[in-house]
Amino acid sequence: MTTHLVSIGTAVPASRLLQSEARDFFAAQPGRDRLAQRLIHAAFDQSAIESRYSVLGGIGGLDTLSPLFSTDGLLHSPTTGERNTVYRREAPQLSSAAARDAIAASGFDATEITHVITASCTGFFAPGPDFLLVKELGIPGTAERTNIGFMGCAAAFPALRAASRICTAQPGSVVLVVCTELCSIHIRSSSDPEQIVASAVFSDGAAAAVVTSAEPRTTGATLEVGEFTTAITSEGEQDMDWAVGDAGFEMRLTAQVPRIIGREIAGAVGAALRGGPEPLSEVANWAVHPGGRSVLDHVQAGLGLSDSAMQHSRAILRDFGNMSSATILFILGRILRDESISAGAQIAALGFGPGLTLETARFVQRAGARSATVPAVLAAEASV
């Protein structure tokens, strides 16, 4: 039974933050001494990010950050409940926008969706986005729903893996996968290097994919879904974690993370992807989760990948930052639109999650008569 990822839709908030403006905003906060200001400038300037998107509004432009978070240039510290209220208000509409475009590009109707899988680690409420997607998009109320929560940046992999398993077990299934993250609602002013790095890289976005074992209907290219694997690095449990605090969710991302990844990536990925139809060294197309510029640098060096193999991952980091679980789908969306990738090409995907969990997936690009039109949200993303 062959399973295909037939379409991807993406959505971002209206407000685009320039990295230089965000840097100056954080550096200007009260209590930031010269050392903290140097750390902030270094983290933001070396991030390889030019812009990000946030539901809170812009900095230094016509918009201002939400009054709950900032007034007169001062960053506030809302409670976790107040932050989650923003998530509950904003996450559903981003989820719906990404899902609508994925469905429109899939060739299937919303009434044909049989399963809905959602993933997020930046907010919670029930009934959640999975429930609202069914009601708002016209998906049958009988569609089976699954939510994958708090698995961090790598959550798209278990979500896609679950979709693939469903399609294999229940032939003809049409599964909607939606990953939505509002990382910016957990921003805070800090002199802690780990919090500074988090403020420099994380952003907001949603992405959706339609996965099916029915006959693909889309006129565009599809990705035949291959094997998934999971591994845990020998260390790193204390270097990447995500906890619920009284003033938002607290992300720990130490400087050791890129080094651990760089040291273990070749062995872990080699073992995980060795069973593919072509040698790992011959896979030219990679979707690597951009936890940050240093993570991409260490992955590229550790695996001996070319600059062209990393181009889509670096482009998404540059234009959107790290949107946690949604990011890998943004990258796969770029790969689907890349007409230089020929039918039959192998694609390897990597993601990293809390505890330093490594997730991998393999895909094969399958040909299709490319549509003359591109879904609106994807065209907007391409023009950013």
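A polar contact is a pair of N or O atoms within 3.5 Å, where, within protein, one must be able to donate a hydrogen and the other to accept it. With that in hand, welcome to this predicted model, and let us begin with one serine.

**A serine in helix α3**

Ser95 belongs to helix α3, which covers residues 80-106. Is Ser95 buried or exposed? Its relative accessible area is 2%, and buried means under 20%, so Ser95 counts as buried. The side chain of Ser95 is joined to that of Thr180 by a polar contact of 2.6 Å. Leaving aside residues up to four places away in sequence, Ser95 touches Pro129, Leu133, Val178 and Ala206, as well as Thr180.

**Empty space inside**

Rolling a probe the size of a water molecule over the atoms shows where empty space is left. In this model, the count comes to 4 cavities of 30 Å³ or more. Here are the largest and the second largest side by side.

| Cavity | Volume | Lining residues by type |
|---|---|---|
| Largest | about 360 Å³ | 19 nonpolar, 9 polar, 2 charged |
| Second largest | about 80 Å³ | 9 nonpolar, 3 polar, no charged |

Which residues lie nearest the centre of the largest cavity? They are Cys183, Ser184, Ile187, Ala198 and Phe202, out of 30 residues that line the largest cavity. Two or more lining residues come from each of these elements: helices α1 (19-27) and α6 (193-201), and strands β3 (51-54), β11 (240-245) and β12 (248-253).

The second largest cavity has a lining that includes Cys153, Phe202, Met240, Met251, Leu253, Val257 and Ile261. His289, Gly291, Val295, Asn322 and Phe352 also line this cavity. Strand β12 and helix α7 (256-273) are the elements that give two or more residues to the lining of the second largest cavity. Phe202 thus turns up in the lining of the largest cavity and in that of the second largest.

**Helix α8 and its buried side**

Val295, met above in the lining of the second largest cavity, is also one of the buried residues of helix α8 (residues 293-303). The others are Leu296, Val299, Gln300 and Leu303. Why do these buried residues sit on the same side of α8? They lie on the same side because they cover an arc of only 130° around the axis. As a general point, an α-helix has 3.6 residues a turn, so residues three or four places apart point the same way. Just after α8 comes Gly304, which takes a positive phi of about 65°.

Notes. Residues numbered from 1 in each chain as written. Predicted model: local features only at pLDDT ≥ 70, side-chain atom pairs only at ≥ 80, totals over all residues. Heavy atoms only, no water. 1 Å grid on protein atoms, 1.4 Å probe; cavity = no way out; pocket = protein on both sides within 12 Å on 5 of 7 lines; lining within 4 Å. Points joined across faces, edges and corners; volume = space filled by probe spheres on them. Helix = DSSP H or I, 4+ residues; strand = E, 2+ residues; numbered from the N terminus. Nonpolar A, V, L, I, M, F, W, Y, C, P; charged D, E, K, R; others polar. Buried < 20%, exposed > 50% of the residue type's maximum accessible area, 1.4 Å probe, protein only. Arc of directions from axis to C-beta. Contact = heavy atoms within 4.5 Å.
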